[in-house]
Amino acid sequence: MNGPWTAGLQIRGLDSTPIADFLCGRCGAHKRVTGRTEVAKFTSTNPAADHAKRCTPTVGAA
Ligand SMILES: [Zn+2]
């Protein structure tokens, strides 16, 4: 689980305190939520689609 993260939504720690990370591959935006309730709420909102509405890529496509 080391190395550069891949873009998208990743969830881990489900056996204890869940952590959800969302990383945008276009603008580099990152959001993290922790806790079972917060993670469930976060994932149910489809963060990728939600972010895409306001994504403002600042770098050229790579
Ligand atoms: Zn973005």
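Modeller: In what follows, an axis is a line fitted to C-alpha atoms, for a helix over the stretch in contact, and an angle runs from 0 to 180 degrees between N-to-C directions. The model under discussion is predicted.

Colleague: Which pattern does the chain follow when read along the sequence?

Modeller: The chain has 62 residues. It holds two helices and three strands. Along the sequence these elements follow the pattern β-β-β-α-α.

Colleague: In what order do the three strands stand in the open sheet?

Modeller: The pairing in this sheet is antiparallel. Strand β1 is joined to β2 (residues 19-23) over five bridges, and five bridges also link β2 to β3. The order is therefore β1-β2-β3, with the edges of the sheet, each having a single partner strand, held by β1 (8-12) and β3 (30-34).

Colleague: Why is one side of β1 and of β3 left without a neighbour in the sheet, and by how many degrees are neighbouring strands turned against each other on average?

Modeller: Both β1 and β3 stand at the edges, so one side of each lacks a neighbour because each has a single partner strand. With direction ignored, the average turn between neighbouring strands of this sheet is 15 degrees.

Colleague: Which residue in β2 is the bridge partner of Arg12?

Modeller: The register between β1 and β2 can be followed through individual bridges: Leu9 is partnered by Phe22, and Ile11 by Ala20. The β2 residue that partners Arg12 is Ile19.

Colleague: Which residue in β3 stands opposite Ile19?

Modeller: Ile19 also has a counterpart in β3, the strand that runs antiparallel to β2. Elsewhere along this pairing, Asp21 stands opposite Arg32. The β3 residue opposite Ile19 is Thr34.

Colleague: In the hairpin of β2 and β3, which residue takes a positive phi near 85 degrees?

Modeller: The hairpin of β1 and β2 has six residues between its strands, and Gly13 in that turn has a positive phi of about 75 degrees. The hairpin of β2 and β3 likewise has six residues between the strands. There, the residue with a positive phi near 85 degrees is Gly28.

Colleague: At about what angle does α1 run to β3?

Modeller: Helix α1 covers residues 36-44. This helix lies across β1, β2 and β3. Its angle to β3 is about 140 degrees.

Colleague: Which element supplies the largest share of the largest nonpolar core?

Modeller: The largest nonpolar core consists of Ala20, Phe22, Leu23, Val39 and Phe42. Both β2 and α1 supply at least two residues of this core. The largest share, three residues, comes from β2.

Colleague: Is Ala40 buried or exposed?

Modeller: Ala40 lies in helix α1, and its C-alpha atom is separated by 9.0 Å from that of Ala20, 20 residues away along the chain. A residue counts as exposed if 12 or fewer other C-beta atoms lie within 10 Å of its own. Ala40 has 12 such atoms, and is therefore exposed.

Colleague: What phi does Asn46 have, although it is not a glycine?

Modeller: Asn46 is placed in the loop between α1 and α2 (47-52). With 11 other C-beta atoms within 10 Å, Asn46 is exposed. Its phi is positive, at about 55 degrees.

Colleague: By what distance are the C-alpha atoms of Asn46 and Leu9 separated?

Modeller: Asn46 and Leu9 are 37 residues apart along the chain. Among contacts between residues at least 6 apart in sequence, 34% join residues at least 24 apart. The C-alpha separation of Asn46 and Leu9 is 9.2 Å.

Colleague: What percentage of the residues of the chain count as buried?

Modeller: A residue is buried if 20 or more other C-beta atoms lie within 10 Å of its own. Of the 62 residues of the chain, the share that counts as buried is 10%.

Methods
Residues are numbered from 1 along each chain as its sequence is written. This is a predicted model: local features need pLDDT of at least 70, side-chain atom pairs count only at pLDDT 80 or more; totals for chains, interfaces and linings use all residues. Helices (H or I, at least four residues) and strands (E, at least two) are DSSP runs, numbered from the N terminus. Two residues are in contact if their C-beta atoms, placed from the backbone, lie within 7 Å. Two strands pair if DSSP finds at least two bridges between them. A nonpolar core is a set of buried Ala, Val, Leu, Ile, Met, Phe, Trp, Tyr and Cys residues joined through C-beta atoms within 7 Å.
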